[in-house]
Amino acid sequence: IDPTLDLFAEIEKLKKEKNAIILAHYYQEPDIQDIADYIGDSLGLSQEAAKTEADVIVFAGVHFMAETAKILSPEKKVLLPDLKAGCSLADSCPPHLFKKFKEKYPDHLVITYVNCTAELKALSDIVCTSTNAVQIVESLPKDQKIIFGPDKNLGAWVAKKTGRDLVLWNGACMVHEIFSREKITKLKERHPNAKFIAHPECEEAVLKMADYIGSTTGLLKYSINSDAKEFIVATESGIIHQMQKACPDKTFIPAPPTNACACNDCPYMKRNTLEKLYLCIKNGLPEVTVPANIIEEARKPIERMLEISA
Ligand code: 13P
Ligand code: SF4
């Protein structure tokens, strides 16, 4: 790419030419968030993918999100700037092992967190996101037995909030498991008026310390509506871009990780760059495809989720 090229202007031009829409998750780098047509959490992005009239969906997020968009809009071309933008949580639940796990609980209904492969969704009864997980569990009869996967931290939080006994798959997100309880405690002592806000993918010990727990959209709304001026944020750092934009007079401190070498960036989300986004719209690839039989099976549990959270 010519380094003098104005990528923002070029991308805008290509978007019109190809009738493409850019959907970006809050964990994308700031430049990508700024050029996106829609920025949101996993639920908002899937709702947007289901209703868009564009011919091409450029998904600035990770692979499972682009797959979900493809499942909901199979006639559209779905592009992902870097096919290696995967997810440690989705990887922690290989479908062939989950199938065996599920066979041990034949009378259980399967709820899967959207952060999983299309193949796993095809093995599920209802999909959920961190925004609607509690609502989806509560929409089911009290005596309904439930398997929840792949995130054990989100699952444990939902079990606690709903008072239900969920059978959990032992999966987790590498970004949300790095936070240090000790360092957060010290940071809170130095910022006694700061609110500590956390994503439910964090470990229970960290969630116990939180003033507010919610999805990325939930955290953003809380920071906007709260009277507090300082926030310690336990999730991927990309969301801070939106928080800072919405509240320029407030301070957002990323929650400290246990290991000094670690950071709150998701290495998968951050594989996408503005350059790769430009090349992807220009060349019409890499494209995300999902086999027709998986689309058919995975669509039902996703649509069930969209109906419940409509
Ligand atoms: P939400 O944006 O739906 O809260 O999801 C967080 C996440 O980990 C996405 O990878
Ligand atoms: Fe997956 Fe965690 Fe990255 Fe989200 S933040 S894409 S759950 S690894």
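Colleague: Let's start with α4 and α15: at what angle do these two helices pack, and how far apart are their axes?

Modeller: This is a predicted model, so read every value as computed from it. Helix α4 (residues 63-72) and helix α15 (residues 292-308) pack at about 95°, and their axes are 9 Å apart.

Colleague: How do I turn that angle into a word: are α4 and α15 roughly parallel or roughly perpendicular?

Modeller: The general idea is a simple binning, where 65 to 115 degrees counts as roughly perpendicular. α4 and α15 are therefore roughly perpendicular to each other.

Colleague: Which residues of α4 and α15 meet?

Modeller: From α4 you get Thr68, Ile71 and Leu72, and they meet Ile295, Ala298, Arg299 and Ile302 of α15. By class, that contact holds five nonpolar residues, one polar and one charged.

Colleague: α4 has another partner, α3. How do the axes of α3 and α4 cross?

Modeller: Helix α3 (residues 42-51) and α4 have axes that come within 8 Å and cross at roughly 35°. As for handedness, α3 passes α4 in a right-handed crossing.

Colleague: And which side chains should I click on for α3 and α4?

Modeller: Pick Ser42, Leu45, Ser46, Ala49 and Ala50 in α3; across from them in α4 are Met65, Thr68, Ala69 and Leu72. This contact divides into six nonpolar and three polar residues, with no charged ones. Notice that Thr68 and Leu72 also turn up in the α15 contact.

Colleague: Now α12 and α13. What are the angle and the axis distance there?

Modeller: Helix α12 (residues 216-225) packs on helix α13 (residues 239-246) at about 25°, with the axes 10 Å apart. Angles under 35 degrees count as roughly parallel, so α12 is roughly parallel to α13. The crossing of α12 past α13 is right-handed.

Colleague: Which residues make up that contact between α12 and α13?

Modeller: Thr216, Leu219, Leu220, Ser223 and Ile224 of α12 meet Ile239, Gln242, Met243 and Ala246 of α13. Six of the contact residues are nonpolar, three are polar and none is charged.

Colleague: Zooming out, which domains does the chain have?

Modeller: The domain assignment gives domain 1 (7-85 + 269-289), domain 2 (89-173 + 297-308) and domain 3 (181-254). The centres of domain 2 and domain 3, over C-alpha atoms, are 26 Å apart. Their contact takes nine residues from domain 2 and 11 residues from domain 3. On the domain 2 side, four of the touching residues are nonpolar, four are polar and one is charged.

Colleague: On to ligands. What surrounds ligand 1?

Modeller: Its shell is Tyr26, Asp41, Ser42, Asn115, Thr129, Ser130, Thr131, Cys173, His199, Glu201, Ser215 and Thr216. Sorted by class, that shell has two nonpolar, eight polar and two charged residues. Ser42 also belongs to the α3 side of the contact with α4, and Thr216 to the α12 side of the contact with α13.

Colleague: How many residues surround ligand 2, and which are the closest?

Modeller: There are 13 residues around ligand 2, the closest being Cys87, Leu89, Cys173, Val175 and Cys266. That shell divides into 10 nonpolar, two polar and one charged.

Colleague: Why does ligand 2 lie between two domains?

Modeller: Because domain 1 and domain 2 both give residues to the shell around ligand 2.

Colleague: Last one: which backbone features should I check by eye?

Modeller: As background, most residues other than glycine have a negative phi, and most peptide bonds are trans. Here, Gly149 and Pro150 are joined by a cis peptide bond with omega about -10°, and Pro150 sits in the loop between β7 (146-149) and α9 (152-162). A cis bond also joins Leu285 and Pro286, with omega about 0°; Pro286 is in the loop between α14 (274-283) and α15. For phi, look at Asn19, which is not a glycine yet has a positive value of about 50°. Asn19 is placed in the loop between α1 (7-18) and β1 (20-25).

Technical notes
Residues numbered from 1 in each chain as written. Chains lettered and ligands numbered in written order. Predicted model: local features only at pLDDT ≥ 70, side-chain atom pairs only at ≥ 80, totals over all residues. Near = placed C-beta within 6 Å. Nonpolar A, V, L, I, M, F, W, Y, C, P; charged D, E, K, R; others polar. Domains from an automatic or database assignment. Axes fitted to C-alpha atoms, helices over the stretch in contact; angles between N-to-C directions. Helix = DSSP H or I, 4+ residues; strand = E, 2+ residues; numbered from the N terminus. Parallel < 35°, antiparallel > 145°, perpendicular 65-115°, else oblique. Left-handed = near helix turned anticlockwise from the far one by under 90°. Contact = placed C-beta atoms within 7 Å.
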